[in-house]
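Let's take a walk through this one together. Have a look at the fold below, and then we'll go from one charged pair out to the helices around it.

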Amino acid sequence: MLALPLALVIGYLIGSLPSAALVARLKRRDIFEVGSSSMGAMNTARNLGWALGALVLLLDLGKGALASAVGVWFGNLAGETLYTPLAAGVGAIVGHLWSVWVGFRGGKGLATTLGVALPIYPLGGLYALLTLLVLIALSRRVTLATFLTALAYPLLVYLSLMSTAPPVKVTATTLGACLIALFVALKHALPVAGPLRQP
């Protein structure tokens, strides 16, 4: 019974790593005082350079993947291999969106969401990435494309698993994806904390 809350906490702590805030310090900047004030790869790229934005993207992907992988490992130890990785993944998303290390602020969460998918439902992550790229190409608006991809995320995860995974795994994983989509959509709907400066 302790496996799920422990996985959730561990995932949260991993996801809370404030990648963009740390990278911004390389240029002696506060990520919450530039651009959209979001602790994400796009805000970093637009205002601090594309190289640093790419670094933040990789770090955010990496911490999501690490959280899920730790959840898989921990689940194997605890004898619960289905829900524990999902709990760690959800915890990582919440940690990224509301990081304890920077006053419960964070980014928009999509890169970390894609990272979470890699160890446990990689095809769902690939579907989400392709959806994001198509929506960006059609709308030319990254924030809108991210929000719409988040809304579609549970369906994309379901479609990626429906023909290959047992029904219980499909149901549990889709519900986990619904939680992730809810948190990411909520973060998009909330006002950004901190001063807003347009690039």
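How many salt bridges does the count come to? This is a predicted model, and in it the count comes to 1 salt bridge. The partners are Lys-63 and Asp-60, whose side chains meet with 3.6 Å from N to O. Both residues sit in helix H4, 3 residues apart, or about one turn of the helix. Neither partner is out on the surface: Lys-63 and Asp-60 are both buried.

Stay with Asp-60 for a moment. It belongs to helix H4, and it counts as buried because its relative accessibility is 3%, with the cut-off for buried being under 20%. If you skip residues up to four places away in sequence, Asp-60 touches Ser-19, Ala-41, His-96, Ala-111 and Thr-112. Two of these neighbours, Ser-19 and Ala-111, are good places to go next.

Start with Ser-19, which you'll find in helix H2, a run covering residues 19-24. What joins the side chains of Ser-19 and Asp-60? The answer is a polar contact of 2.9 Å. So Asp-60 has a salt bridge to Lys-63 and a polar contact to Ser-19, with Ser-19 itself buried at a relative accessible area of 1%. Again leaving out residues up to four places away in sequence, Ser-19 touches Val-56, Leu-59, Asp-60 and Lys-63. In other words, both partners of the salt bridge are on the contact list of Ser-19.

Now the other neighbour. Ala-111 has its place in helix H6, and with a relative accessible area of 16% it is buried, because the cut-off is under 20%. Its contacts, not counting residues up to four places away in sequence, are Leu-57, Asp-60 and Leu-61. Ala-111 and Gly-62 are 49 residues apart along the chain, yet their C-alpha atoms are separated by 8.9 Å.

That brings us to H6 as a whole. Is this helix, residues 110-120, mostly covered or mostly open? It is mostly covered, with 9 of its 11 residues buried. Run your eye along H6 and the buried ones are Leu-110, Ala-111, Thr-112, Thr-113, Leu-114, Gly-115, Val-116, Ala-117 and Ile-120. What does the covering? It includes helix H4 (50-78), helix H5 (83-97), helix H7 (122-139), helix H8 (142-161) and helix H9 (167-189).

Three of those covering helices, H5, H8 and H9, give us two packed pairs to look at. Two packed helices are described by the angle between their axes and the distance between the axes. For H5 and H9, the axes come within 10 Å and cross at roughly 5°. That makes H5 roughly parallel to H9, because the angle is under 35 degrees. On the H5 side, the residues taking part are Tyr-83, Leu-86, Val-90, Ile-93, Val-94 and Leu-97, and they meet a set in H9 that includes Val-168, Gly-176, Phe-183 and Lys-187. By class, this contact of H5 with H9 has 12 nonpolar, 2 polar and 1 charged residues.

H8 and H9 pack at an angle of about 175°, and their axes are 8 Å apart. So H8 is roughly antiparallel to H9, since angles over 145 degrees count that way. The H8 residues in this contact include Thr-143, Phe-147, Tyr-153, Pro-154 and Leu-161, while those from H9 include Val-170, Cys-178, Ala-181 and His-188. Sorted by class, the contact of H8 with H9 divides into 15 nonpolar, 5 polar and no charged residues.

Before you go, check two loop residues for their backbone. Ser-37 is in the loop between H2 and helix H3 (41-48), and its phi is near 70°, a positive value in a residue other than glycine. Phe-104 lies in the loop between H5 and H6, and its phi, near 60°, is again positive in a residue other than glycine. Are these two buried or partly exposed? Ser-37 is buried, with a relative accessible area of 1%, whereas Phe-104 counts as partly exposed at 49% relative accessibility.

Methods: Residues are numbered from 1 along each chain as its sequence is written. This is a predicted model: local features need pLDDT of at least 70, side-chain atom pairs count only at pLDDT 80 or more; totals for chains, interfaces and linings use all residues. Side-chain values use heavy atoms; hydrogens and water are left out. Helices (H or I, at least four residues) and strands (E, at least two) are DSSP runs, numbered from the N terminus. Buried means under 20% relative accessible area, exposed over 50%, partly exposed in between (1.4 Å probe, protein chains only). A polar contact is a pair of N or O atoms within 3.5 Å; within protein, one must be able to donate a hydrogen and the other to accept it, and residues adjacent in sequence count only if both atoms are side-chain atoms. Contact means heavy atoms within 4.5 Å. Axes are lines fitted to C-alpha atoms, for helices over the stretch in contact, and angles run from 0 to 180 degrees between N-to-C directions. Angles under 35 degrees count as roughly parallel, over 145 as roughly antiparallel, 65 to 115 as roughly perpendicular and the rest as oblique. Ala, Val, Leu, Ile, Met, Phe, Trp, Tyr, Cys and Pro count as nonpolar, Asp, Glu, Lys and Arg as charged, and the others, Gly among them, as polar. A salt bridge is a side-chain nitrogen of Lys or Arg within 4 Å of a carboxyl oxygen of Asp or Glu.
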